[in-house]
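Trainee: Could we go through this structure together, one question at a time? I'd like to see how each answer is reasoned out.

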Amino acid sequence: MDLLGNLSLGFGAALSPANLLYCLIGALLGTLIGVLPGVGPIATIAMLLPITFKLSPLAALIMLAGIYYGAQYGGSTTAILVNMPGESSSVVTCLDGYQMARQGRAGPALAIAALGSFFAGCVATLIIALFAPVLAELALKFGPAEYFSLMVLGLLAAVVLASGSVLKAVGMVILGLLLGLVGTDVNSGMARFTFGLTDLSDGIGFVAVAMGLFGLTEIIINLEHPERQPQVTAKVSHLWPTKADFKAAWKPVLRGTALGSILGILPGGGALLASFSAYTLEKKIAKDPSRFGKGAIEGVAAPEAANNAGAQTSFIPLLTLGIPSNAVMALMVGAMMIQGVAPGPQVMTERPQLFWGVITSMWIGNLMLVILNLPLVGMWVKLLKVPYRLLYPAILMFCAIGVYSVSNNAFDVGMIALFGLLGLLFFKLGCEPAPLLLGFILGPFMEEYLRRALLLSRGDATVFLTRPISLGFLIASALLLLTIVAPAFRKLREEAFVED
């Protein structure tokens, strides 16, 4: 009955006119940026962080969450119709979705993608509702030592599951940790790494880092490539899938939902890893793998279900432990801190309306998406014909105004430019910026919990090994380090991020 009471509280909050409006705005914005190649949810949420300052905490989180899972819906539309994934997690959908469109079956491909995403989103939200309170209750028993060890495990898992070089991912995490230490030391009052600049005495602004690394860098990268106007393969007709389509798709949807739900919880996981893994799994177990890449509906159903499930279960570590599992969740932590909400298990006990309101809004948002998405396909495709040279000045102006409005400090605008150029350098070097953002967010927390644990133990560093939960996290971290150096695991990891 507690669950029903909590869900009732959540629906009561999420169904208020204002929160419904922000849920709709988030879902539509998410679909829009999912459709437009080169404008992902990370860049969009980073740009919208200053706006959330004026909203209530619940409305802000509902809108930002809608942008994230809405992008998974929108990315499939252009992947299927024009072979251009608007969102990175929709890359594998291109392989079979576009071939289905070329065969005149764009309608069933879009419908299966939407229905699979809707089913996966609803199941993933149910998983959050069932398991999040249990984890949050457990987390309330954590002390500083447990939190520090958990964050070490989270950062290592993010390194293992990040695409690209492991060594580069480790370097990015360390750089993020160092950037997080810039500012005034809370205990001693001494300035650290400020280089005499008073503007850095409060640390580097999270919004400036996020906007620069993801918003500005995306603009520069996209401007380097010549524009290509996508051509829609065929008119969308016969939208409803046949019985044979449903028969072929329902099992992949179930498998994709299960796989995506598990991978979404893991630090560094989320929608991208889930969609690639689901496609690989379907191809491995198929009776005729040669069908994949030639219009197999399973190649659309499984990754689309997986990426939506992964996007939503990635909220579990955030809502229960206050630990971001990927770059988008790191931005959500930033949004919570802007609102004065301390991320962690205490959110459920101290702000139950916020906790359950966000969860129930996901059901509402998924329903909005499946109702709106298919009728608006034509409009989304027309938006692709807007030249990018007209979009980027507006995005750039929005970034500058947004970051200035947070603290009315022109220094932060300069920081955007600096981190934008830094992001471009990372791109050229093949370094993924997401681990840096996770390190930047978790760095100050890790330092605080480390100091607290050592103060409580009177300087005895063995406190991390004598407490069972902390020891368990550290053992898991050590095992992760061993897997990184194992040749078999390295090969498996590389294959997971290679397009088939």
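Mentor: Happy to! Let's begin with a definition: a residue is buried under 20% relative accessible area, exposed over 50%, and partly exposed in between. Keep in mind that this is a predicted model.

Trainee: Then which class does Ser56 fall into, and where is its place?
Mentor: The place of Ser56 is in the loop between H3 and helix H4 (57-82). Its relative accessible area is 38%, and the class in between runs from 20% to 50%, so Ser56 is partly exposed.

Trainee: How far apart in space are Ser56 and Ala18?
Mentor: Along the sequence, Ser56 and Ala18 are 38 residues apart. In space, taken C-alpha to C-alpha, the separation of Ser56 and Ala18 is 9.9 Å.

Trainee: Where in the protein chain is confidence lowest, and where is it highest?
Mentor: Start with the whole chain: its mean pLDDT is 79, and 86% of its residues reach 70 or more. Where pLDDT is low, the predicted coordinates should not be read in detail. Confidence is lowest in helix H23 (residues 487-496), with a mean of 56, and highest, at 88, in helix H21 (residues 463-466).

Trainee: What are the end C-alpha atoms of H1 apart, and which residues of H1 are buried?
Mentor: Helix H1 (residues 2-14) has 13 residues, which at 1.5 Å a residue should span 18 Å, and its end C-alpha atoms are indeed 18 Å apart. Its buried residues are Leu7, Gly10, Ala13 and Ala14. They cover an arc of only 125° around the axis, so they sit on the same side of H1.

Trainee: Which exposed residues does the face of H1 turned away from its buried side carry?
Mentor: An α-helix has 3.6 residues a turn, so residues three or four places apart point the same way. For H1, the face turned away from the buried side carries the exposed residues Leu4 and Gly12.

Trainee: How many residues of H3 are buried?
Mentor: First the length: the 12 residues of helix H3 (residues 41-52) should span 16 Å, and the end C-alpha atoms are 15 Å apart, which agrees. Among the buried residues of H3 are Ile45, Met47, Leu48 and Leu49. H3 is mostly covered, and the number buried is 10 of its 12 residues.

Trainee: Which residues of H8 are buried, and on what arc?
Mentor: Helix H8 (residues 166-180) has 15 residues and reaches 21 Å from first C-alpha to last, close to the 21 Å expected. Its buried residues are Val166, Ala169, Met172, Val173, Gly176, Leu179 and Gly180. They are on the same side of H8, because they cover an arc of only 145°.

Trainee: Which element gives the most to the lining of the second largest pocket?
Mentor: That pocket holds about 670 Å³ of space. Of the 26 residues lining it, the closest to its centre are Gly180, Val182, Val186, Pro444 and Glu447. The elements giving two or more residues to the lining are H8, strand E1 (183-184) and helix H20 (434-456). The most, 9 residues, comes from H20.

Trainee: How do the residues of that lining divide?
Mentor: Sort the residues of the lining of the second largest pocket into nonpolar, polar and charged. The division is 12 nonpolar, 7 polar and 7 charged.

Trainee: In the loop between H20 and H21, is Ser457 buried or exposed? And Arg458, buried or exposed?
Mentor: Ser457 lies in that loop, and Arg458 has its place there too. Phi of Arg458 is near 55°, a positive value in a residue other than glycine. With a relative accessible area of 17%, Ser457 is buried, whereas Arg458, at 81%, is exposed.

Trainee: Which class does Phe193 count in?
Mentor: Phe193 is found in the loop between strand E2 (191-192) and helix H9 (206-224). Although Phe193 is not a glycine, it has a positive phi of about 55°. Its relative accessibility is 47%, so Phe193 counts as partly exposed.

Trainee: Last one: what separates the C-alpha atoms of Met415 and Met211?
Mentor: The place of Met415 is in helix H19 (residues 410-429), and Met415 is buried, with a relative accessible area of 10%. Met415 and Met211 are 204 residues apart along the chain, and their C-alpha atoms are separated by 9.4 Å.

Terms used:
Residues numbered from 1 in each chain as written. Predicted model: local features only at pLDDT ≥ 70, side-chain atom pairs only at ≥ 80, totals over all residues. Heavy atoms only, no water. pLDDT = per-residue confidence, 0-100. Helix = DSSP H or I, 4+ residues; strand = E, 2+ residues; numbered from the N terminus. Expected span 1.5 Å × (residues − 1). Buried < 20%, exposed > 50% of the residue type's maximum accessible area, 1.4 Å probe, protein only. Arc of directions from axis to C-beta. 1 Å grid on protein atoms, 1.4 Å probe; cavity = no way out; pocket = protein on both sides within 12 Å on 5 of 7 lines; lining within 4 Å. Points joined across faces, edges and corners; volume = space filled by probe spheres on them. Nonpolar A, V, L, I, M, F, W, Y, C, P; charged D, E, K, R; others polar.
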